[in-house]
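Got a few minutes for some practice in reading a structure? Pull up the viewer and work through the exercises below.

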Amino acid sequence: MRDGSDPAGGTARRGRPGAAARGGAAAAKDPEEQEDGPAQEAAAAPPDAAPPQGAGDGGGQPVARPARTVALGWFLAGVAAAAAAAFTAGLLAGGAWSDGGKAAEAAQTADAAAGGKPGYRRGVAYRCEVKREGAELRAGHGTSRTILLDTNSTGFDVVEVQCLLREHGFDPGSTEGLYDQATKDAATRFQKARGLVADGIVGPKTWGELRK
């Protein structure tokens, strides 16, 4: 019996593949030639692309977005807090809420407390009790002869200067311990009368003349 013959003696024809064979070949096409499907769409999408609106996890629920937004929010909050802290520290260090005589005021308050006197308080008109002690005039608010006093200085030394200026006939208009413009004008007039540099700044030479 020859190859390809059927049992009945007929010879099997070697024809072209049938429809079924052709269908199988179509099914075995290269994946790149197949129609686009979900698998290809997933492969084409970039790795970091967000899922489409309404896409879920199979149960109809939206897929949670990455936590990068929350982390960024915490980072920005931390930066704002640090900036606020730095700004506050800068204000305190620069003395934004104090005048130029704040340090002198604190020193005078400490000295007064150590001597049993009440601390200096701004806005209080202190009494002048000028008397001579040895070769010096004193008003009872300080014994300095060297401290520099100028506009916006505060404390008992300023009260002492104001009282001594008044004693010498150059009334500063106030004895509240604030070296204001009126006190500076009175000091300038006193300096001119005593032949000193008339700059309105009380220093060792002006102190010496005030104590006489």
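Here come three exercises on this predicted model, each with a worked solution.

**Exercise 1.** Find the disulfide and describe its geometry.

Start with a search of the whole structure, which turns up one disulfide. Next, identify the partners: Cys128 is bonded to Cys163, with an S to S distance of 2.0 Å. Then check the torsion about the S-S bond, which is -80 degrees, making the link of Cys128 and Cys163 left-handed. Finally, place the two ends: Cys128 sits in the loop between helix H4 (102-114) and strand S1 (131-133), while Cys163 belongs to helix H5. That pair links distant parts of the chain, 35 residues apart.

**Exercise 2.** Sort Cys128 and Cys163 into buried, partly exposed or exposed.

You need the cut-offs here: buried is under 20% relative accessible area and exposed is over 50%. Cys163 comes in at 1%, so Cys163 is buried. Cys128 has 29% relative accessibility, so Cys128 counts as partly exposed.

**Exercise 3.** Work out which elements build the largest nonpolar core, then look at Tyr179.

Begin with the members: this core has 14 residues, and those touching the most other members are Leu149, Val161, Leu165, Tyr179, Val202, Trp207 and Leu210. Now assign elements: H5 (156-167), H6 (181-193) and H7 (204-211) are the helices that each give two or more residues. H5 supplies the largest share, four residues. Apart from this core there's another one, of six residues, including Tyr120, Tyr126, Phe156 and Val159.

Last step, zoom in on Tyr179: leaving aside residues up to four places away in sequence, its contacts include Leu149, Val158, Ala187, Ile201 and Val202, and also Asp150 and Lys184.

Definitions and conventions:
Residues are numbered from 1 along each chain as its sequence is written. This is a predicted model: local features need pLDDT of at least 70, side-chain atom pairs count only at pLDDT 80 or more; totals for chains, interfaces and linings use all residues. Side-chain values use heavy atoms; hydrogens and water are left out. A nonpolar core is a set of buried Ala, Val, Leu, Ile, Met, Phe, Trp, Tyr and Cys residues joined through side-chain atoms within 4.5 Å. Buried means under 20% relative accessible area, exposed over 50%, partly exposed in between (1.4 Å probe, protein chains only). Contact means heavy atoms within 4.5 Å. A disulfide is a pair of cysteine sulfur atoms within 2.5 Å.
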